[in-house]
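Work through the exercises below with the structure open. Each task is followed by a solution in steps.

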Amino acid sequence: MGLTRWLAGVIVVAVLAALPLGLDAYSLRIATGVCMWAGLACAWNIVGGYAGYISFGHSAFFGIGAYATALLMQRGMDWPFFATLPVGLVVAAGVAAVIGAPTMRLRGSYFAIATWAFAEMLLQLVNVLDVTGGPGGLSVPPYLNEHFFYYLMLAAAVIAYLAVWVLVERSRFGFRLRALRDHEPAAEALGIRTTLVKVQAFALSAGIAAVFGGIYAYWVTFIDPMSVMGGEITDQMVVMVLLGGLGTVWGPALGASLLWLTNRMVWSALGDTAIYLPILGVIIVAVVLFLPNGLVSLLPGLGQLRRRGHRLLTGMVRKL
Amino acid sequence: MDLFLQALANGVLIGGILACLTIGFQLTFGVLHVIDFAVGGWVMLGGYAGYWALTLLGLDPFISLPLVAVVFALVGRALGPLIYHVRTSRYARPDLMALALTFGIFIFMRGGALWLWSFNSRNVDTAIAGPAIQLGPVALPVLRVVAFAAAAALSLAVFLFLYRTRFGLAVRAVAQSRENAGLMGVDVPRLSAQVYAVYTGLTAGVGVLLATIYSVNPDVGVRYTLFAFFVAVLAGLGSVGGVLVAGLFLGVVESLVAIYVGISYSHLVIFGALYAVLLISPQGILRRGL
Amino acid sequence: MASKLSRRDFLKTSALGVGALSVGAVGRGARAQTPTIRCGVVTSLSGANRFGGNLTRRGYDLWAEEINKLGGIDIGGTRYKVEMSYGDAQSNPASGASAAERLIVQEEVDVIFGPYTSGVTLAVQPICNKYRVPMISGSAESPKVWVDKPPFNFGMIPAVDLSSGKSLGVIADSVSPRPESVGVVGVNEPFSDDTAKGFRDGAEPAELELTGFELFPAKADVTPVVTKLKSQNPDIVAVGGHEEVLINFVKAAKSLGYRPKAMVMHYGITAPAFADQLGADANGVMGISLWTPGVPYSDDLFGSAADYDKLSYARWGSHPDYTEAACSASGLVLQDAAARMGKAPPWNRSDREALAKAIEATDIETFYGPVAFETKGDHFHNNTRPVPVVVQITDGKVVPVAPADAAEGDIVYPLPAWS
Amino acid sequence: MSTVTDTRTHTDEPPALAVAGLRRRFAGIVAVDGVTFDVDRAEVLGLIGPNGSGKSTLFNLIAGALTPDGGTVRLGGQAVTGWPAWRVARAGLGRTFQIPSLFGNMSVHDNLLAASCEGDWRGAPERARQALALLEIDHVAGNLASELSGGQQKLVEFARVYMRSPRVVLLDEVTAGVHPNIRAIILNAVRAMQLDGATFLLIEHDMELVREVCDRIIVMDFGQVVAEGSFEEIAGNAEVRRAYLGRSE
């Protein structure tokens, strides 16, 4: 099993790594956006998919990362970019841990409201503060190398997915998470310290989102409250994961790629994306009603195909 | 002191309307166990309905209000079974899937409104206007006073309905225990859809009131969803009685913070308070049964 | 060209479906025969700022249509047509940057006409620097846009800190008895907050006592704001905001029976919606405009300011405001600079750099007014020449009332009680 | 796995589970009202009583899912009163729920592995093999838990308890409504664990089963223990008859 998986993974990553050879700067920008959204969806999925806690406040963590990077790179601070990412990660994870400990005692719907309230509060805060530039936002010293940002987003996304795959699919941590998602009292009865596990998951998820926020700030070179903390960022994450498949490894990547490419196509074809929002709404409703396990559940043959491929491959390896 | 009284009056007038806005939301939670993210969406659509009734039919919003409520009740009656279906489905977390469903509906409403009517605000003018009523040092805008009265009348109607009719008895029974009410012969799916209809109709009606006071644009929904959440959480989710106190409280707090702390901080304070209430007492501070 | 195109498309479609995005790149075959000057417009055609965004687009388009009627821009005796392409910034900085990159890379534009909002402008500036593409902004009024000395960006409208503050002094000096105090409020959003800060900072030079300064969120109920102002009771109330907030503000003031002696707003009251929605209640509200159809300027393409007003009205069905005028004048700047540079299109990287130098040296008069860009200081590349005019709504019309040399009507002060 | 060192010789060792004066009220109703009893090591104690007599609340209080208003719970001499459920579980308590509580979106095998997250993780696959064999569910190991029949779910839930080798096991109506074959498998597993030294407290309505496996029985009504003794003693107890027959269910 492992061999085919790894091989498939390596092929996908190799193709993605070769992508800049065939794309102009603009198309590469879109590919960079796909990587970013795939990473954000992956981050959201840790809490929303694996732990079963719907967060309506993840824009806050994306924003924390973006503001951490932008603030530390302002004149006078002049931090090197890569030094700012761990700061955003740690701050976001810390904030998530602090607010997560009490909020994650709340049952699902309350948690959703609490995270939403938290994100809106933070949005108001950056709007009011002087240090964040208020509504006028912050500029970041530009570094305009589209290949750099593509590879950086790609690397961050690959690391995020690997982290999820290793931590959630392959380790005790994942078993704990999925157990508490499916039946919290039963998980507790098996000795799983659910509140702690939830907080860990929330912090991990927030940290990953913050890293993408940091890269975003450096990439776009300008941030303001609405563009990095607006509710639409959370909306997109939720929809991407729901569409791809809640609590699956590759579902978020699938959902993110499809939605972001659709978004950009609608945008460049119609020159207007007002229609995009109602489409998002319809997708959510349709997925909840008809496809609760997301698009990945439409690929039942996938496992079979993989098994067959694996048999073929191991047979070949043995012959060699 | 004059300023304080004026701020208090502003807060009470708006708070009463916010309380009315939350009643339907609470009924829905009590009976369907669904947190309807789209509550602000119904307010927004109600406001637009009032606008179109005025623009196309020339109806004053206070006349079109019942009409709007009936139309949206029908819409809610059609949508209710879907929500009931998801809530009682065998999904891993039906409560969250139902929340996600209403979230999708909300995005659809907002996006649809943006797409159809774009970003600009619409005024819903009414014949009820004119100078403020001077009550000593306090100026009471006529329109707000009338809207407050209308909201109070609507709230009273809902209470009479809940406590004086057979239907209301069934609603309260289901809110107590869905299983037992079902055993007692209540058609729970049907009743749930009917409650959802009451909720959408009532909320859209309040949307008309709010549109006359402010104006309506596709983005107002988020704000009203926030207010409904706040009032509901403070009152205790599902509690209809606590809503009146919580609504007035929200209105007054927002108004006082705006005057004495700075209006920039009013949202910050509201969100912070909502958050604190959730943490300190998720069951609500004014928790009382339906 | 054709072979390059097919290779590019081939690579794209083969690249894991991302190729599906080459939508913007198709249909670029005929370019080789008649060289044109390719202009990109990056502005918010959707999103929260779509109205302003579409105004800018109208202004840019009107210039392009007019110049193409003459056969295009005259460079060394030959006329080259202008070809416009558009990128929607969705009122979002990241989308603005994407749009700019698409226009530059895929549409190969030579020059960009800038966004409506300052935030998007700030995100597009680095893209212009990277590809050495000049950007002329007919909007974007935040002073922040110019602080970092953007080498390729030029702004037609004086930053709002220059316009809103000065206007208080103009009003104070134009009426009697001279007002003594001003209360300033503004929406906490880009532009509006800069406007409010401009008013605040202008109070002292205008010898007005500042009774209060407060920013409030865009979605907030303005009743408390009005309540507070009423208790402070300044002579002049100055509001920074877009038309929607301004409309709500006037409604709230009326509902509480509050009427200050003067109400000044900045941008927004000249928008048709303001007078339409408020009706008689709009009368008496003052605003600031950097251009009105009555200004005494003219140029060869559009004629006088009044001619421009007529032309624009005929084309779009509404009277232009100063943003549209500044956007149309942006084209005049390009026209003038291209002629002075003297190089026929197609332009390469160094030509575009030369074009930027030429734009920097602009010193012309247009129907919009004189245009010359600062070359040092905090308003680097900002055209600070236009003088703000105080306008007042009288019988539903926007009438310039101060300073005296631009006035077309009498200033109403103090305002009469609400009808 | 377990450490069976001839227990019978140490008669003065503390009881495996000791409950004393346990009390809990909900909004005015006293659900558990001063319950006291001990369970010895490797003993099987049956807990019977009409619906609403407080049995499940008692379970939740012992397991830490609810916090008692008063009284103590000791596991092998260690006070665990008021501990959260996860901590009680780590102290050696295993339980099943009245309504099957499997991790529905995980396979049967993963359900078992999840039980060893906080225990012998390395040995989990081997232990899972044993559990699957003992409860005869090898053939559904790869199935999603939510796709199983009701009886199979009971088996998996039991297997999950078995995974942790708990010293004390609480079983809540573990054979209610299942096929006789499955009932036999569960009984067999109870005996196997009992041989390894596990102690059982089980809520049962199935009197046949109670007679078969329980060493001792306590009867609850209105939140209190109303009788205690062997099956025969209980069967002849007038109090019990009144509790069951005097009140319609």
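**Exercise 1. A salt bridge in chain D**

Task: Find how D:E212 and D:R183 are paired, place both residues in their elements, and classify their exposure.

Solution:
- Step 1. D:E212 and D:R183 form a salt bridge, with 3.5 Å between the closest N and O atoms. The model is a predicted one. The cut-off for a salt bridge is 4 Å, so the pair qualifies.
- Step 2. D:E212 sits in helix α7 (residues 207-213) of chain D, and D:R183 in helix α6 (residues 180-195) of chain D. The two residues are 29 residues apart, and the pair links distant parts of the chain.
- Step 3. D:E212 has a relative accessible area of 40%, so it is partly exposed.
- Step 4. D:R183 has 18% relative accessibility. Buried means under 20%, so D:R183 counts as buried.

**Exercise 2. Two salt bridges in chain C**

Task: Describe the salt bridges C:R102 to C:E107 and C:D363 to C:R385, with the exposure of each partner.

Solution:
- Step 1. In the salt bridge of C:R102 with C:E107, the closest N and O atoms are 3.8 Å apart. Both C:R102 and C:E107 are buried.
- Step 2. C:D363 and C:R385 meet through their side chains in a salt bridge of 3.7 Å, N to O.
- Step 3. C:D363 belongs to strand β15 (residues 363-366) of chain C, while C:R385 is in the loop between β16 (369-372) and β17 (389-394) of chain C, so the pair ties together parts 22 residues apart in sequence.
- Step 4. C:D363 is exposed, at a relative accessible area of 54%. C:R385 is partly exposed, at 42%.

**Exercise 3. A negative patch**

Task: Which residues form the negative surface patch, and where does D:D12 lie?

Solution:
- Step 1. The patch consists of D:D12, D:E13, D:D38 and D:D40.
- Step 2. D:D12 lies in the segment before β1 (17-26) of chain D.
- Step 3. The relative accessibility of D:D12 is 70%, so D:D12 counts as exposed.

**Exercise 4. The build of chain A**

Task: What are the helix and strand counts of chain A, and what is its radius of gyration?

Solution:
- Step 1. Chain A has 14 helices and 2 strands.
- Step 2. The C-alpha trace of chain A spans about 65 × 55 × 40 Å along its principal axes.
- Step 3. A compact globule with 320 residues would have a radius of gyration near 20 Å; chain A has 20 Å, so the two agree.
- Step 4. Of the 320 residues of chain A, 65% count as buried.

**Exercise 5. The total**

Task: How many salt bridges does the structure hold over all chains?

Solution: The structure holds 35 over all chains.

Terms used:
Residues numbered from 1 in each chain as written. Chains lettered and ligands numbered in written order. Predicted model: local features only at pLDDT ≥ 70, side-chain atom pairs only at ≥ 80, totals over all residues. Heavy atoms only, no water. Patch = residues over 30% accessible without salt bridge, like charges linked within 9 Å, V, L, I, M, F, W, Y side chains within 5 Å. Areas by Shrake-Rupley, 256 points an atom, 1.4 Å probe, with all protein chains shown as cover. Lys, Arg positive; Asp, Glu negative; His and termini not counted. Charge placed at Lys NZ, Arg CZ, Asp CG, Glu CD. Helix = DSSP H or I, 4+ residues; strand = E, 2+ residues; numbered from the N terminus. Buried < 20%, exposed > 50% of the residue type's maximum accessible area, 1.4 Å probe, protein only. Rg over C-alpha atoms; globule rule 2.2 N^0.38 Å.
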